[in-house]
Amino acid sequence: MKPQVSITSISPAMKMADLLDVNFSILGVFSRFGMSYGFGEATVKEVCDGMGIDPETFLIICKVYAFDGYRPSREQMEGACLEDIVRYLRLSHTYYLETMVPALAAAIEEMIAPCDDMHKKVIRKFFGDYKEELERHFDYEEKTVFPYVEAMIDSREREPYTIGEYEKNHSNVEEKLDDLKKLVTMYQPSQSSSRDCFRVLFYLYSLESDLERHTFIEDGILVPVVSRMEDESEAPRGEGGELSAREKEILVAVAKGMLNKEIADLYNISIYTVISHRKNITRKTGIKTVAGLTVYALLNNLIDMNSIE
């Protein structure tokens, strides 16, 4: 028997191949990020760097799937790359709608094939209603929540919205799955084979478990981090005060047209830290736009015209 891996021993320096031994649920994370196998001796950091994924954020997501009850610290959440979190959530939507839900639907059809027409109609409608609810839930996130978060990450102008609205309207897409499990285990007619019922239950439990992790990444990581960013963005502006040396560096990079991720990579800091510096720059200068900050940098001799041409 292999020794159990502790959560504290998981780090960017460990071999990527060894990470899979922690918990087979991590396979789903690998799949959604599009990772190819054959890692050899490469570390988590080396593989993630090669794919443009923040290794610490990748490990946070892996730990959510591998350890029941895992909760990242505030410091870990603030250091996470929101772009990678949104990317992962989007990829999860694709997995659910294009892989998991169709597989479950096919298994249900096989299970109810021997049943009477009334039973088939009722089960199909129940599952169809669930699928529509899931699609509405994901559509709201894709069209409203994620674009809002991405605009905040890039410090772009965004629609009037707060992440609190998402929390209030966040539907529980797992309740119908629980009901469907009960319908199969307690009320499914005996003419359905045990093998077909097993397949349906296997998919139901797998989807339910995965959705629980997915929901935690949204509610337990995405929402709190974005909420704190909103609080910072609402701080009084134009208060004056000298820019720190790092804030001046960030300001120069912004004036040169660099994106937040590029700035983070340049100074080896997280995107969240870049955003925090940009909020402080806006608060101290009272200037919100990139064009305005560029003029500010020029007038204060932080850059010259050649730097931005």
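This briefing describes the fold, two helices, the cysteines and two buried residues of the chain shown above. The model is a predicted one. The chain contains 14 helices and zero strands, and 44% of its 309 residues are buried. The structure holds zero disulfides.

**Overall architecture**

- Followed along the sequence, the elements give the pattern α-α-α-α-α-α-α-α-α-α-α-α-α-α.
- Along the principal axes, the C-alpha atoms of the chain fill a box of roughly 80 × 45 × 35 Å.
- Of the contacts between residues at least 6 apart in sequence, 73% join residues at least 24 apart.

**Surface and charge**

- The exposed area of the chain is about 16000 Å², and carbon and sulfur atoms supply 52% of that area.
- The chain carries 36 positive and 52 negative charges, and the mean positions of these two sets are 1 Å apart.

**Helix 3 (residues 44-51)**

- The residues Val44, Val47 and Cys48 of helix 3 are buried.
- These residues lie on the same side of helix 3, because they cover an arc of only 95 degrees around the axis.
- The cover over the buried residues of helix 3 includes helix 1 (16-19) and helix 4 (55-66).
- Gly52, located just after helix 3, adopts a positive phi of about 70 degrees.

**Helix 12 (residues 260-267)**

- In helix 12, the buried residues are Asn260, Ile263 and Ala264.
- Viewed down the axis of helix 12, its buried residues fall within an arc of 100 degrees, so they line one face of the helix.
- Helix 7 (117-153), helix 11 and helix 13 (271-285) are among the elements that cover the buried residues of helix 12.
- Just after helix 12, Asn268 has a positive phi of about 55 degrees.

**Cysteines**

- A disulfide is a covalent bond that links the sulfur atoms of two cysteines.
- With zero disulfides in the structure, Cys81 takes part in none, and the nearest cysteine sulfur to that of Cys81 belongs to Cys48, 11 Å away.
- Cys81 counts as buried because its relative accessibility is 5%, which is under the 20% cut-off.
- For Cys197, the closest cysteine sulfur is that of Cys115, and the distance of 8.2 Å is too far for a bond.
- Cys197 is likewise buried, with a relative accessible area of 13%.

**Glu247 in helix 11**

- Glu247 belongs to helix 11, which spans residues 245-255.
- The relative accessibility of Glu247 is 5%, so this residue counts as buried.
- Beyond its neighbours within four places in sequence, Glu247 contacts Glu242, His277, Asn280, Ile281 and Lys284.

**Pro72 in the loop between helix 4 and helix 5**

- Pro72 sits in the loop that runs between helix 4 and helix 5 (74-79).
- Pro72 is buried, as its relative accessible area is 8%.
- When residues up to four places away in sequence are not counted, Pro72 touches Ile60, Met77, Phe216 and Ile221.
- The C-alpha atoms of Pro72 and Thr185 are 35 Å apart in space, and the two residues are 113 residues apart in sequence.

Methods. Residues numbered from 1 in each chain as written. Predicted model: local features only at pLDDT ≥ 70, side-chain atom pairs only at ≥ 80, totals over all residues. Heavy atoms only, no water. Helix = DSSP H or I, 4+ residues; strand = E, 2+ residues; numbered from the N terminus. Buried < 20%, exposed > 50% of the residue type's maximum accessible area, 1.4 Å probe, protein only. Contact = heavy atoms within 4.5 Å. Areas by Shrake-Rupley, 256 points an atom, 1.4 Å probe, with all protein chains shown as cover. Lys, Arg positive; Asp, Glu negative; His and termini not counted. Charge placed at Lys NZ, Arg CZ, Asp CG, Glu CD. Arc of directions from axis to C-beta. Disulfide = S-S within 2.5 Å.
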